[in-house]
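User: I am new to this structure and would be grateful for a close look at a single part of it. Please describe that part and then its surroundings in one connected account.

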Amino acid sequence: MNNKLFVGNLSFKVEEAELQEVFSQTGTVVSVAIPTDKYTGKKRGFGFVEMSDNGAAQAAIQGMN
């Protein structure tokens, strides 16, 4: 199983540090990325959170759904 989770429907104002803080409640976060539009530089409303292992990823999925 992949430990990188897609997180959709994010506010355009959310920061990577905020996502990391929320997901760290369910396990160890390895990385957080929120893509931006290459022309405008604005956030695209989704992101990716990579958890340390499968157990942490499953806990995040269960806790955030």
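Analyst: The account below begins with the aromatic residues around strand 3 and then turns to the neighbouring elements.

The model is a predicted one. The mean pLDDT of the chain is 95, and 98% of its residues reach 70 or more. Within the chain, confidence is highest in strand 3, at 98, and lowest in helix 2 (residues 54-64), where the mean is 94.

A search of the whole structure yields three aromatic pairs. One of them joins Phe-6 and Phe-48 in an edge-to-face arrangement, with 5.8 Å from centre to centre and 65 degrees between the planes. This pair connects distant parts of the chain, since Phe-6 lies in strand 1 (residues 4-7) and Phe-48 in strand 3 (residues 47-51), 42 residues apart. Phe-48 also pairs with Phe-46, again edge-to-face, at 5.9 Å centre to centre and with 90 degrees between the planes. Phe-6, Phe-46 and Phe-48 form one aromatic cluster.

The members of this cluster can also be described by their accessibility. Phe-6 has a relative accessible area of 54% and is therefore exposed, because the cut-off for that class is over 50%. Phe-48, at 31%, counts as partly exposed. Phe-46 has a relative accessible area of 19%, so Phe-46 is classed as buried, the limit being under 20%.

The setting of Phe-48 becomes clearer when strand 3 is followed residue by residue. In a regular strand the side chains alternate between the two faces of the sheet. Strand 3 shows such an alternation: Gly-47, Val-49 and Met-51 point to one face and are buried, whereas Phe-48 and Glu-50 point to the other and are not buried.

Strand 3 has pairing partners in strand 1 and strand 2. With strand 1 the pairing is antiparallel over four bridges, and Leu-5 has Val-49 of strand 3 as its bridge partner. Strand 2 (residues 29-33) also runs antiparallel to strand 3 and is joined to it by four bridges. Here Val-29 stands opposite Met-51 of strand 3.

Helix 2 is the next element to consider. Its buried residues are Ala-56, Ala-57 and Ala-60. They cover an arc of only 100 degrees around the axis, and therefore lie on the same side of helix 2. Strand 3 is among the elements that cover these buried residues, as are strand 1 and helix 1. The face of helix 2 turned away from the buried side carries the exposed residues Gly-55 and Gln-62. Gly-55 also takes part in a contact at the start of helix 2, where its backbone nitrogen lies within 3.1 Å of a side-chain oxygen of Asp-53.

One further residue deserves mention, in the loop between strand 1 and helix 1 (16-23), where Asn-9 is placed. Most residues other than glycine have a negative phi. Asn-9 departs from that pattern, with a positive phi near 60 degrees. At 80% relative accessibility, Asn-9 counts as exposed.

Conventions
Residues are numbered from 1 along each chain as its sequence is written. Side-chain values use heavy atoms; hydrogens and water are left out. Rings of Phe, Tyr and Trp (its six-membered ring) pair if their centres lie within 6.5 Å; planes under 30 degrees apart count as stacked, over 60 as edge-to-face and the rest as tilted. Helices (H or I, at least four residues) and strands (E, at least two) are DSSP runs, numbered from the N terminus. Buried means under 20% relative accessible area, exposed over 50%, partly exposed in between (1.4 Å probe, protein chains only). Two strands pair if DSSP finds at least two bridges between them. pLDDT is the predictor's confidence in each residue, from 0 to 100. The arc is that of the directions from the helix axis to the C-beta atoms. Contact means heavy atoms within 4.5 Å. A polar contact is a pair of N or O atoms within 3.5 Å; within protein, one must be able to donate a hydrogen and the other to accept it, and residues adjacent in sequence count only if both atoms are side-chain atoms.
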